Amino acid sequence: MQPKVMMKKKNISASKASLILFLCQIVSALDVPLDLLQPPTITQQSPKDYIVDPRENIVIQCEAKGKPPPSFSWTRNGTHFDIDKDALVTMKPNSGTLVINIMNGGKAEAYEGVYQCTARNERGAAISNNIVIRPSRSPLWTKEKLEPNQVREGDSLVLHCRPPVGLPPPIIFWMDNAFQRLPQSERVSQGLNGDLYFSNVQPEDTREDYICYARFNHTQTIQQKQPISVKVFSMDSLNDTIAANLSDTDIYGAKPVTERQPVLLTPTGSTSTKVELRGNVLLLECIAAGLPTPVIRWIKEGGELPANRTFFENFKKTLKIIDVSEADSGNYKCIARNTLGSAHHVISVTVKAAPYWITAPRNLVLSPGEDGMLICRANGNPKPDISWLANGVPIAIAPEDPSRKVDGDTIIFSHVQERSSAVYQCNASNEYGYLLANAFVNVLAEPPRILTPANKLYQVIADSPALLDCAYFGSPKPEIEWFKGVKGSILRGNEYVFHDNGTLEIPVAQKDSTGTYTCVARNELGKIQNEVQLEVKDPTMIIKQPEYKVIQRYGQVSFECIIKHDSTLLPTVIWLKDNDELPDDERFLVGKDNLTIMNVTDKDDGTYTCIVNTTLDSVSASAVLTVVARPNPPFDLELTGQLERSVELSWVPGDENNSPITNFVIEFEDGLHEPGVWHYQTEVPGTQTTVQLKLSPYVSYSFRVIAVNEIGRSQPSEPSEQYLTKSANPDENPSNVQGIGSEPDNLVITWESLRGFQSNGPGLQYKVSWRQKDVDDEWTSVIVANVSKYIVSGTPTFVPYEIKVQALNDLGYAPEPLEVIGHSGEDLPMVAPGNVQVHVINSTLAKVHWDPVPLKTVRGHLQGYKVYYWKVQSLSRRSRRHVEKKILTFRGNKTFGMLPGLEPYSSYKLNVRVVNGKGEGPASPDKVFKTPEGVPSSPSFLKITNPTLDSLTLEWGSPTHPNGVLTSYILKFQPINNTHELGPLVEIRIPANESSLILKNLNYSTRYKFYFNAQTSVGSGSQITEEAVTIMDEGKMAMASRQVDIATQGWFIGLMCAVALLILILLIVCFIRRNKGGKYPVKEKEDAHADPEIQPMKEDDGTFGEYSDAEDHKPLKKGSRTPSDRTVKKEDSDDSLVDYGEGVNGQFNEDGSFIGQYSGKKEKEPAEGNESSEAPSPVNAMNSFV
């Protein structure tokens, strides 16, 4: 469902103003106030064709106004009706309305006739329409004898209603004895004349209570025709009847039901005509007989059926066109068609027209000496005749008036005088009806009057029209002018519209249109003015509208409706559901600007509208709520087409609950073998409601269907009826047949048993057969039941067997099963691999080779070889340690493997064993091999002690892993100045047997950086670094002590504080710039003289400097990992085999190559010279100022 939000806005002030303008145009500005002399005007009268209830009093209305008040008189059938002579007739006081008292003994038929009312005063006489009074009639059906209708199946039939003629005509409908309407369809339908038409009858049409009813609404009575009986004979029963009464020859005259092409039952013939009056509803009808039932189609020859006014009723048998006009005249063709052919009928339609107004005459108010005219123009088909009357008398015989001249449909008045006042009637008539209009000429001399109340307040919404009323009267007709403000100028221009009735229209009122407006009316007899007030308000708006929502059942949903309005207007917010009030339910919570629905249910689905009303405008916004849920379960499951191995299942889907069903899942229950357990059978798309299901023999099936949509699965349907299939031989044999020995002298045959519905019949058993492969033996068989394993004893060790398991039941065997190969039980391998050789690749990796053992000695499935190896001792240290054997497994028939993670300069032993499913064979003789020397690890620690003015003492520990014979130690050091620049690098080689060194001739009060590593004959190991400072010169210290007096002076302290503050600010600025990617001058030097020992830090390091050495050692770095005794230790680390063997012992590739590689971190050599420097840290920066 695409989501929609609808918003409507209605400006009440604009609609009210339009209504006011409409009324002002009808009741013109020249309507004479009732306190002035004026001729009569008819204000109310009964309809021209007045059908009355004969049981009630007859009221004939005639109301009029005038000054002086008019008197009333009546004519009946063209002659004076003297009401004083009829005691049953009275006239209401101050009215011309007649009341004929039928309820006191009068008869309505006695007062049938044509009545006309005349209202008269000294200024003229007005007359009403001719009012035709007729009492309604509801006569009874005439007695008639109805013969039963006996009709052959497939024939057409018409049941005639022929209702009595009533006034007005009755409404016809067909029902049965139980007062239930008879069902109608394309085959059976009621015609416009009330008859019941059967295009073809079927056996189900047989009944004895076809009853036609006529309802007379005026008298609220219903008349009933006698029941009509219909008996439909099928061909079989008809032939039986004929055979009992006629000769053999006549029997064959009863033909079977045959299809027939359409024939029109109504209208008859190929053409007909129809006359309809303009403005009425045109109804055209075509009903056809035929088998199959014909379908009706309508066209207009030479044109299109009028859009928006054309409707099809009665299963397209009736064409309905509303509000017809002359343009709808033409030929209309109905076409009845079925598979055998078609029939058609052409109806020639002519649209005539009773008279209708083009310009009706309007009252004319003139001052003495003025000119004017009355115009009466009407049209019709045929064109109507126009005639004039004066005061109810044909103008030709009316008293002469020299100011009056009749010119066809116009009366011209010149230099009228007071005696010219009169009421004129215009009559336009043709053969289809007439129009009668009264219009008076009233000659008055009156100064202007303004009828609108003074200081009337008008309120409108900005950007909508404002209409300010200035209802007036005067004779001669006054001129109207409008001003804004007390001293404003006359209003003119396109921004205003001045209506003839005095109304001022501001088409688009703005906020600055607010103010006082003055209306001035003047004629030659005087002048008058009136003020009105206009206020323009801000429009009401919904600034956050409710939005389309999809919610699951039992959830919670909220619609927002946030509004903005003029502060002087009080809005009210109303919520509607489907254009009706919200349900009276506590789950609906209406807040200030929202609607919340708790615990949503299906009935909450619909359109919710927020309506905001003020006294001037109204806005609304709507949103649709769609409640979704899992579908309702399917129902009406039905099994059809039952066969031995298949059945068709059909069902009716349940409600999808606004989320389309995507698929149906079909499940089955085997009531014979697994009652209560439901199994998946199949599934079909959501558009499918039938499925052909494959079945197994000897199963008591019940099916159920589950519907699925995006929300989830429905509850299962009710189970279908049970269907028990016949027994049969098994269709399949057990699966997953295997033969594996559990002991060296047996064979265990296992299989997966058939499920109950796979047995296909009672007495399910298994025939187990076996024979040794590649030996000319017969099959050995055994039949077992209710098991899935059989053990064959006394077999040779690990020999192949051919095995098969066949299902059988009481009806026979399953098809011949496939043979599988199994083996009897395994035993431990008998021999060890020979010719084991080791090739040492480097100090940590070796490759081992061996010869494979003969397969016969394996005595089982060869799984691979295991290499056991362990370190005997380190060649650099004669001390032994606990022997930890390591194992590597090589799958398959491998003959070599890699041994990773060895320790350099060590002695190892290994042996190899073959592995099968039972276990490991004997080990090969131990093989001894040695690994060569490698580079040592870093010294275990470096400690610097006893600082003096020019010397430092260094102490260290030998490497934890020398990996060979140490040849020497290498010490490198260089000074670091206050700007963190490195000085010249000095290198010293130290004998391997030394563990300390005193460095002399160093500079006092100087920081040094030291790099220290060990060497073997292979090369240098990784280095450790440390920093230390020589102590300050005592002479300078004494000089500083003598200057302490200066340091205690106030000015000096203040100066130092200022300097410290500036430094702090500088450091903060530098720190911020560095975080943003800025550089210090030192950094530029480093860029120019890069030290290969110094590596850029990662962005996420979190330290202050930009550069670091490989081991991240920095001078006095905050958070350094150097111990407090300034000793740097290298942690011990052993190579791991986890990545190389199976389980905890590592793994190799198929070719025996080692997975991965080993690498160690080694600190780079320090840079020679002083071109390199470290990045400054805030701590070192502070040290440089101490």
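**Disulfides, cores and Asn733**

Biologist: Does Cys334 count as buried or exposed?

Modeller: The model is predicted, and the accessibility of Cys334 is computed from it at 0% in relative terms. The limit for a buried residue is under 20%. Because 0% falls under that limit, Cys334 counts as buried.

Biologist: Which residue forms a disulfide with Cys334?

Modeller: Cys334 lies in strand E28 (residues 330-338), and its partner lies in the loop between strand E23 (282-285) and strand E24 (287-291), so the pair ties together parts that are 48 residues apart in sequence. That partner has a relative accessible area of 0% and is therefore buried. The sulfur atoms are 1.8 Å apart, and the disulfide partner is Cys286.

Biologist: What is the handedness of the disulfide of Cys376 and Cys426?

Modeller: The S to S distance for Cys376 and Cys426 is 1.6 Å. Cys376 lies in the loop between strand E31 (372-375) and strand E32 (377-381), and Cys426 in strand E37 (residues 422-430), so the link ties together parts 50 residues apart in sequence. Cys376 is buried, with a relative accessible area of 0%, and Cys426 counts as buried at 0%. Because the torsion about the S-S bond is about -70 degrees, the disulfide is left-handed.

Biologist: How many residues apart are Cys62 and Cys117?

Modeller: A disulfide joins Cys62 to Cys117, with an S to S distance of 2.0 Å, and the link is left-handed, with -70 degrees about the S-S bond. Both Cys62 and Cys117 are buried. Cys62 belongs to strand E5 and Cys117 to strand E10, so that distant parts of the chain are linked, and the separation is 55 residues.

Biologist: How many disulfides does the count come to?

Modeller: When the bonded cysteines are numbered in sequence order, the pairing reads 1-2, 3-4, 5-6, 7-8, 9-10, 11-12. One of the pairs is Cys62 with Cys117, and another is Cys286 with Cys334. The count of disulfides comes to six.

Biologist: Which strand gives the most residues to the largest nonpolar core?

Modeller: In soluble globular proteins, nonpolar side chains tend to be buried together. The largest nonpolar core here holds 29 residues, and Ile58, Ile60, Trp74, Ile100 and Tyr115 touch the most other members. Strands that each supply at least two residues include E4 (58-60), E6 (71-76) and E9 (98-100). With three residues, the strand that gives the most is E10.

Biologist: How many residues are in the second, separate core?

Modeller: The members of this second core include Leu639, Ile666, Val691 and Phe757. It is separate from the largest core, and its size in residues is 20.

Biologist: Does Asn733 count as buried or exposed?

Modeller: Asn733 is found in the loop between strand E64 (723-724) and strand E65 (735-740). Its relative accessibility is 17%, and the limit for a buried residue is under 20%. Asn733 therefore counts as buried.

Biologist: Which residue offers the backbone oxygen that the side chain of Asn733 reaches at 2.7 Å?

Modeller: Leaving aside neighbours within four places in sequence, the contacts of Asn733 include Leu754, Val805, Gln806 and Glu816. The side chain of Asn733 reaches the backbone nitrogen of Ala807 at 2.8 Å. The backbone oxygen reached at 2.7 Å belongs to Pro815.

Note on methods:
Residues are numbered from 1 along each chain as its sequence is written. This is a predicted model: local features need pLDDT of at least 70, side-chain atom pairs count only at pLDDT 80 or more; totals for chains, interfaces and linings use all residues. Side-chain values use heavy atoms; hydrogens and water are left out. Helices (H or I, at least four residues) and strands (E, at least two) are DSSP runs, numbered from the N terminus. Buried means under 20% relative accessible area, exposed over 50%, partly exposed in between (1.4 Å probe, protein chains only). A polar contact is a pair of N or O atoms within 3.5 Å; within protein, one must be able to donate a hydrogen and the other to accept it, and residues adjacent in sequence count only if both atoms are side-chain atoms. Contact means heavy atoms within 4.5 Å. A nonpolar core is a set of buried Ala, Val, Leu, Ile, Met, Phe, Trp, Tyr and Cys residues joined through side-chain atoms within 4.5 Å. A disulfide is a pair of cysteine sulfur atoms within 2.5 Å.
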